Every structure is written in C-alpha cells, then in structure tokens.
There are 2 protein chains.
Amino acid sequence: VKWQLALDRMSITQAVEMAKSAGPYADWIEVGTSLIKMYGMESVRAMKSAFPEKTIVADIKTFDNARYEFAMCFEAGADIATVMGAAPAKTVELCARTAEDYGKGYMIDLLNVPEDRIEQLCGFDGAILCFHLGKDQQEHEGTRFERVKAGAFKHAGDGLSVALAGGIRLEVLPELMLHRPDLIIVGEAVTKAPDPAAAAKQLSDFIKSRGDEC
Amino acid sequence: VKWQLALDRMSITQAVEMAKSAGPYADWIEVGTSLIKMYGMESVRAMKSAFPEKTIVADIKTFDNARYEFAMCFEAGADIATVMGAAPAKTVELCARTAEDYGKGYMIDLLNVPEDRIEQLCGFDGAILCFHLGKDQQEHEGTRFERVKAGAFKHAGDGLSVALAGGIRLEVLPELMLHRPDLIIVGEAVTKAPDPAAAAKQLSDFIKSRGDEC
C-alpha cells in the first residue's frame with residue numbers, strides 16, 4: 001500500500017517546502033488542482049526538479065482536450081496525470097493512450113461518477129481508479145468518507161488499482177486498510193497538522209505496519 | 001446575441017495578440033482551459049490588464065473546490081468563470097454563490113451531462129447554460145455540433161441564458177441563429193483562420209445582421 005501526499009491551496013514555494021519536510025515519508029507527491037490552476041505547469045516543473053527521484057502526480061482533472069493536457073503534464077515532469085471519470089468516454093480513452101505513449105501513468109478520478117459508469121471505467125485496467133469524496137462535499141455538506149467506501153471496496157482486490165481520496169485522516173485508516181486499497185491520498189490531515197513531518201511519519205508508520213499484515 | 005472568442009492552445013503572448021486583432025469584433029474574450037492549466041491565473045491577469053473594458057471569461061472548468069477556484073479567477077480579473085455541470089451539486093451551488101458574492105457571472109458547462117441533470121441545472125437562473133460538444137468528441141469521434149443542438153434548443157427561449165460551444169463555424173450559424181441562443185462561442189474557426197481578424201469580422205457581421213431579425 002502506497003500513500004500520496006496531496007499539496008493544495010498553497011504557493012509553489014510552500015508546496016516544495018512541504019514536500020521537503022513531509023514528502024520523504026510519502027510514496028508519491030501530488031501537485032494539486034489548485035496549484036495547477038493558479039500557477040500552471042510551473043508548479044509541476046518546480047516539484048519534479050526539486051524531487052527528480054519522486055513519483056509526481058499532476059492532478060490536472062482533465063475533462064476534454066485530453067492529449068494536449070496530458071502531454072503538458074508529462075512534459076513538465078509528471079509521472080502520473082488525472083482525468084475525470086465524468087468526462088466523455090473518448091476523453092478518458094485518449095488520456096489512457098497518451099499516458100501509454102509517454103510511458104507514464106494515469107488516474108481516473110471517480111468524483112461524482114454514477115455506479116454504472118464506474119463499472120465501465122473498470123475496463124481501463126492500466127488506470128488507477130480513484131474513489132474520491134470532493135472537498136466541497138466534505139466542507140459544506142459534512143459528508144464523511146464512509147459514503148464513497150462502498151463503491152471502492154466493491155472493486156478493490158479484483159486486480160484493479162484502487163485509490164481512496166477525500167479528507168482521509170489517521171483515525172479512519174484502520175478501517176480503510178482492512179479493504180486493501182492500493183493507494184491512499186492524504187492532503188490536509190498532513191499539510192494542516194501542527195507538525196506536518198510528524199503527521200506524515202505517523203501515517204507512513206501506520207500504513208507500513210498494516211500493509212504487511214494485509 | 002453575443003459571441004465569445006475562445007483562446008486555446010497558445011501562449012499568453014499569442015492570446016493577447018489574437019485578442020488585439022480579432023477580439024475587437026467579439027463581445028467577450030475567453031481565456032481557455034488550456035491556457036489556465038499551462039500558465040495559471042497569469043493568463044487571466046494578462047488578458048484583463050490588456051483589455052480592462054472587455055468581458056473576460058475564465059474557462060476554469062471547476063469540478064471541486066468551488067470557492068477557492070472561482071475566487072482566484074475573479075481576483076485575477078475574470079468577469080465570468082465556468083463550472084462543470086457534471087460536478088457535485090454542492091460545487092455548482094457554491095460557484096453560483098461565489099459569483100454572486102463577487103458580483104460576477106458564471107457559466108455551467110454541460111459537457112457530458114445527462115438530460116435529467118440538465119433539467120435540474122436549469123434551476124440556476126443566474127447562470128449561462130453552455131451546451132458544449134467537447135474537442136475530443138469533435139476531433140476524434142468526428143461528432144458534429146448537431147448532436148448537442150437538440151438539448152440546447154429545448155431550453156433556449158424560456159428565460160434561461162443559453163450558450164452554444166464546440167467547433168462552431170460560420171457555415172452552421174444560419175441554422176443555429178434561428179433558435180435564438182444568447183451566446184455563441186467560437187474558437188478555432190477564428191484563431192486558425194488564415195486571417196483571424198477577417199474571420200472574426202465576418203462572424204460578427206453575420207451575427208449582428210441575424211440578431212436583429214430574430
């Protein structure tokens with residue numbers, strides 16, 4: 001089980017600093033959508049050049065113009081880029097193909113995707129399928145992560161690569177880990193912690209200890 | 001009837017140049033998603049500072065983190081920002097509220113939104129509803145604009161503000177105009193024309209002449 005540190009709502013400098021302090025405990029570093037939309041590909045380039053050995057995920061949330069957007073991420077140094085599962089089928093297909101052409105990875109973000117479409121998207125066996133509770137749903141509806149778990153756990157373990165994202169904190173990990181996700185994405189539970197490096201280490205230690213058991 | 005010049009897949013400098021030559025014939029200038037994801041809010045700031053009197057649309061395609069993304073657009077100088085109709089309901093609602101707080105406009109992009117959800121989104125009566133055929137659908141499926149027209153025309157004229165987007169060219173305008181859309185969005189038919197200013201003028205002249213008839 002890997003975990004990804006998501007960096008959002010901060011400057012590029014703050015993101016690189018955060019990746020320096022908390023990043024060593026994470027498997028992957030995500031340049032969040034808010035950084036990409038605020039600073040463009042410079043955010044991805046800066047992160048990759050600061051951490052050339054690290055897997056960098058560009059959370060570009062492509063919805064159209066697949067080849068152009070994925071190519072810009074990979075050329076800026078991203079190892080993985082994201083496409084929305086709610087996007088047109090052709091767009092998801094072109095993202096998959098572009099990732100393959102570049103020898104890079106891609107993640108399909110299942111935020112607000114109906115169950116029947118999720119079933120179809122499971123056909124993309126090279127993808128990481130990300131079961132995702134949105135920030136707006138968490139912060140303004142008070143929805144907790146439990147709501148997206150059912151879908152995720154239905155698909156985990158059957159050969160697909162499953163990621164979980166959306167307000168995940170250390171306290172919910174014991175339950176989440178039982179279901180053997182492949183990737184756990186954590187943002188503010190680390191970046192807003194009083195001591196992000198300590199929070200990241202704690203998370204990492206827990207995942208490592210449970211990962212061996214599962 | 002207004003029309004919006006969409007600027008995509010070019011540098012900020014090229015976009016500002018294009019807005020200088022072809023923009024005077026357009027009602028609104030769109031900073032396209034590809035510019036935002038490549039250059040961030042600098043693309044919006046540069047366009048607004050070059051054309052402070054012009055209505056600038058930031059095609060940010062928000063899918064989550066509504067308030068943060070819309071605030072960044074409006075603070076960079078955008079007059080209108082876009083949210084995906086496929087996003088969670090809460091996200092669309094927060095975009096509407098943020099636009100209202102800033103005294104700015106918002107457009108709901110209906111790309112790949114099922115008809116029953118479109119019906120619900122018609123409840124956002126302060127929005128511009130954008131019936132949109134994606135680039136990937138046009139370029140890789142050969143789908144023509146005709147496919148999205150039925151939905152659009154069902155809703156045009158009943159008090160909602162309806163925009164049409166997706167590979168629109170001068171040749172299809174006579175038919176589109178009959179249905180009285182409020183906004184027509186044109187990108188490459190102008191920006192890839194041998195003489196973009198001439199293409200923009202032709203489009204503008206046609207829309208003005210037909211707009212008076214409708």
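In this predicted model, strand S4 (residues 80–84) of chain A and strand S5 (residues 105–109) of chain A run parallel and are joined by five bridges. A good place to look for this pairing is Ile80(A), which has Gly105(A) of S5(A) opposite it. The path that links these two strands can be followed as well: S4(A), helix H5 (residues 89–102) of chain A and S5(A) together form a β-α-β unit, and this unit is right-handed.

On to the next strand. S5(A) also pairs with strand S6 (residues 128–132) of chain A, again in parallel, and here three bridges join them. Within this pairing, Asp109(A) has Cys130(A) of S6(A) as its bridge partner. Between S5(A) and S6(A) the chain passes through helix H6 (residues 115–121) of chain A, in a β-α-β crossover that is right-handed. The surroundings of S5(A) deserve a moment too. Residues count as buried when their relative accessible area is under 20%. Four of the five residues of S5(A) are buried, so the strand is largely enclosed by the rest of the structure.

These strands belong to a wider arrangement. Eight strands of chain A close into a barrel with parallel pairing, and their order is S1-S2-S3-S4-S5-S6-S7-S8. On average, neighbouring strands of this sheet are turned by 25 degrees against each other, direction ignored. To trace the closure, it helps to look at strand S1 (residues 2–7) of chain A and strand S8 (residues 183–186) of chain A, a parallel pair joined by four bridges. Here Trp3(A) stands opposite Ile184(A) of S8(A).

The helices can now be added to the picture. Helix H4 (residues 66–75) of chain A lies across strands S3 (55–62), S4 and S5 of chain A, and runs at about 155 degrees to S3(A). H4(A) also meets H5(A), the helix of the β-α-β unit with S4(A) and S5(A). The axes of H4(A) and H5(A) come within 8 Å and cross at roughly 35 degrees, and the crossing is right-handed. On the H4(A) side, the residues that make the contact are Ala66(A), Arg67(A), Phe70(A), Ala71(A), Phe74(A) and Glu75(A). H5(A) contributes Thr91(A), Leu94(A), Cys95(A), Arg97(A), Thr98(A), Ala99(A), Asp101(A) and Tyr102(A). Sorted by class, this contact between H4(A) and H5(A) holds eight nonpolar, two polar and four charged residues.

Note on methods. Residues are numbered from 1 along each chain as its sequence is written. Chains are lettered from A and ligands numbered from 1 in the order in which they are written. This is a predicted model: local features need pLDDT of at least 70, side-chain atom pairs count only at pLDDT 80 or more; totals for chains, interfaces and linings use all residues. Side-chain values use heavy atoms; hydrogens and water are left out. Buried means under 20% relative accessible area, exposed over 50%, partly exposed in between (1.4 Å probe, protein chains only). Two strands pair if DSSP finds at least two bridges between them. A crossover is right-handed if, with the strands pointing away from the viewer, the path from the first strand over the helix to the second runs clockwise. Axes are lines fitted to C-alpha atoms, for helices over the stretch in contact, and angles run from 0 to 180 degrees between N-to-C directions. A crossing is left-handed if the near helix is turned anticlockwise from the far one by less than a right angle, and right-handed if clockwise. Contact means heavy atoms within 4.5 Å. Ala, Val, Leu, Ile, Met, Phe, Trp, Tyr, Cys and Pro count as nonpolar, Asp, Glu, Lys and Arg as charged, and the others, Gly among them, as polar.
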